[in-house]
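Biologist: Please take me closely through the part built around the metal site. Start with one helix and work outwards from there.

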Amino acid sequence: MATQTTLIRHGTVVTAIDEFSADILVKDGRIAQVGTNLDDPDTNTVVEARGMYVLPGGVDIHTHLATPGGNGFSTADDYFTGHRAAAFGGTTTVLSFADQWKGATMRQTLDTWHAKARDKAAVDYGFHLMVTDCNDAVLDELAEFRSWGVNTVKLMMAYKGRAMVDDAVILRVMQRCKELGLLTMVHCENGDAIDVLQRQAVANGQTAPIFHALTRPPQLEAEATERAIQLAQTAGGAPLFVVHCTHSGALEAVVRARARGESVTAETCIHYLSLTKDRLRGAPGDAFEGAKYVCSPPLREEADIAALWRGLHTGDLHSVSTDHCPWRFDIHKSLGRQDFTKIPNGAPAIEERLMLLWNDGVNTGRITRSQFVALVSTEPAKLFGMPNKGSLTVGNDADIVLWDPAATHTISAETNHGAMDYSMFEGRIVTGMPALVMSRGEVLVKGAEWLGKPGRGVFQHRNSKV
Ligand code: MN
Ligand code: MN
């Protein structure tokens, strides 16, 4: 194979701690040099980056691609359309959940998800294994996870009767994770209490989308977050990652645990940083429009949004992910027209994440460019065992985004690149977007042009001990 050498000149490199003017030399998919006035006789391509920020490719550690919803359908984006959309938004590494189904072994689960991804993946990818049907054999299999390249286990405290596990399972899995060096990721909402509230609402004829939010009140997230933290301590201090923190009270539980020195980390997701639960009321005369915003935990209040931005600023939140869980409005969300409990939970954001966080965070001065890089790339890469990702360091994979801070874009489902028929951010005008996106030295996106191909993405073998 011919050597590919690319020189990116005159850009401003932004890292998680600083920024500086530099050239970057990319050889054979890796970063060969970072410095000034670089020159290499083998250079075949020169990229002029004057006026651009040069960022490490985004890392989205929370997505659901080609995932069955228990409603006869799978999420609309597969490992090609989802990855292509991610790349257009500046994300070059995507971790997704591999959900165990009833009776499956964890090895069968992982093999099934590898088969979904292998020929389609357009960016680099990996899996978290989700335990939904725990037994002694599953607990034994946890010992193999790191050799399979999976150092993360996902548990659900919500979705009673489906993916939810009880406290006994949570404790036993956490004990094993502590022993084996695995990170437990937990969806923290009290599924039993939500189930009661949902049944009561439906019995009272309260079936519109807004009741999704009203039957999942924030205290049930705060309570479950605190419970997960205490169970992790009970398991001997098992490392815990709280997924999609949305509520000030849940964040406070995380902050308290961290202040006690416990191994607790957390993310929020991009939609919780600007949208409130009022969206679930829908449009005037069309309450069901609110279904587009049905995700769990639900959208919250302005005060929560402010708390989450503070959490990003203080470093108590370590990633802004998407929880990209793309259910189309026309065929999937519509299943719940008569009953909000039948609306599939989840919404798309895999493409919009970086543009929105830059626009709403960097352009407003709420976070610095370095904090932006840390939150969308560096911290999730390092926390989730991908040392070659998330930083523009010599020897690392050349996953590079040229970010044009002056470009303006109107977000729309029409111009997005996934399989979805709506965007939660339709019509939002953002300033700052990718001009060029590279994965291991290959240009995937150049302006509006797609140059990637299915099957090029590489599985990330994440075997480090947490
Ligand atoms: Mn979740
Ligand atoms: Mn999720």
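Modeller: Helix H8 spans residues 248-259, 12 residues in total. In this predicted model, H8 reaches 16 Å from its first C-alpha to its last. That is close to the 16 Å expected at 1.5 Å a residue. Six residues of H8 are listed as buried. Gly249, Ala250 and Leu251 come early in that list, followed by Ala253, Val254 and Ala257. What do the buried residues of H8 pack against? Two helices and two strands: helix H7 (218-234), helix H9 (302-314), strand E11 (240-242) and strand E12 (264-269). After H8 comes Gly261. The phi of Gly261 is positive, near 85 degrees.

Next, the loop that leads into H8. His244 sits in the loop between E11 and H8. Its NE2 atom is a donor to the manganese ion (ligand 1). The other protein donor is ND1 of His187. Both lie 2.2 Å from the ion. The pair links distant parts of the chain: His187 belongs to strand E10 (residues 183-187), and His244 is 57 residues away from it in the chain. Buried or exposed, these two histidines? His187 is buried, and so is His244.

The manganese ion (ligand 1) has a neighbour. The manganese ion (ligand 2) is 3.4 Å from it. Which residues hold the manganese ion (ligand 2)? His62 and His64 each coordinate through NE2, and Asp323 through OD. The distances run from 2.1 to 2.2 Å. In sequence, the spacing of these donors reads H-x1-H-x258-D. So the two histidines have one residue between them, and 258 residues lie between the second histidine and the aspartate. With a relative accessible area of 1%, His62 is buried. His64 is buried too, at 9%. The cut-off for buried is under 20%, so both values qualify.

Now the sheet. E11 and E12, two of the strands that H8 packs against, belong to an open sheet of eight strands. The order is E6-E7-E8-E9-E10-E11-E12-E13, and the pairing is parallel. E10, the strand that carries His187, is in the same order, beside E11. At the edges stand strand E6 (58-63) and strand E13 (319-321). Each edge strand has a single partner, so one side of each is left without a neighbour in the sheet. On average, neighbouring strands of this sheet are turned by 30 degrees against each other, direction ignored. His62 falls within the residue range of E6.

Move along the sheet to E7 and E8. These strands pair in the parallel sense over seven bridges. Leu95 stands opposite Gly126 in E8. Helix H2 lies across E7 and E8, running at about 150 degrees to E8. H2 covers residues 106-117, 12 residues, and reaches 17 Å from its first C-alpha to its last. The expected value is 16 Å, so the span is close to it. Which residues of H2 are buried? They are Met106, Thr109, Leu110, Trp113, His114 and Ala117. Seen down the axis of H2, these residues fall within an arc of 135 degrees, so they line one face of the helix. What covers them includes strand E7 (91-99), strand E8 (124-130) and helix H3 (136-141).

Between H2 and E8 there is a loop, and Asp119 is found in it. Asp119 counts as exposed, at 60% relative accessibility. Leaving aside neighbours within four places in sequence, Asp119 is in contact with Pro454 and Gly455. Asp119 and Gly455 are 336 residues apart in sequence, yet 4.2 Å apart in space, C-alpha to C-alpha.

Last, strand E5 (residues 53-56). Both faces of E5 are covered. Tyr53 and Leu55 are buried on one side, Val54 and Pro56 on the other. In a regular strand, side chains alternate between the two faces of the sheet. E5 pairs in the parallel sense with strand E1 (residues 5-14), over two bridges. Thr12 stands opposite Tyr53 in E5. Four bridges also join E5 to strand E14 (residues 400-410), and these two run antiparallel. There, Val54 stands opposite Leu402 in E14.

Terms used:
Residues are numbered from 1 along each chain as its sequence is written. Chains are lettered from A and ligands numbered from 1 in the order in which they are written. This is a predicted model: local features need pLDDT of at least 70, side-chain atom pairs count only at pLDDT 80 or more; totals for chains, interfaces and linings use all residues. Side-chain values use heavy atoms; hydrogens and water are left out. Donors are N, O and S atoms within 2.8 Å of the metal (3.2 Å for Na, K and Ca); water is not among the atoms, so sites may look incomplete. Buried means under 20% relative accessible area, exposed over 50%, partly exposed in between (1.4 Å probe, protein chains only). The arc is that of the directions from the helix axis to the C-beta atoms. Contact means heavy atoms within 4.5 Å. Two strands pair if DSSP finds at least two bridges between them. Axes are lines fitted to C-alpha atoms, for helices over the stretch in contact, and angles run from 0 to 180 degrees between N-to-C directions.
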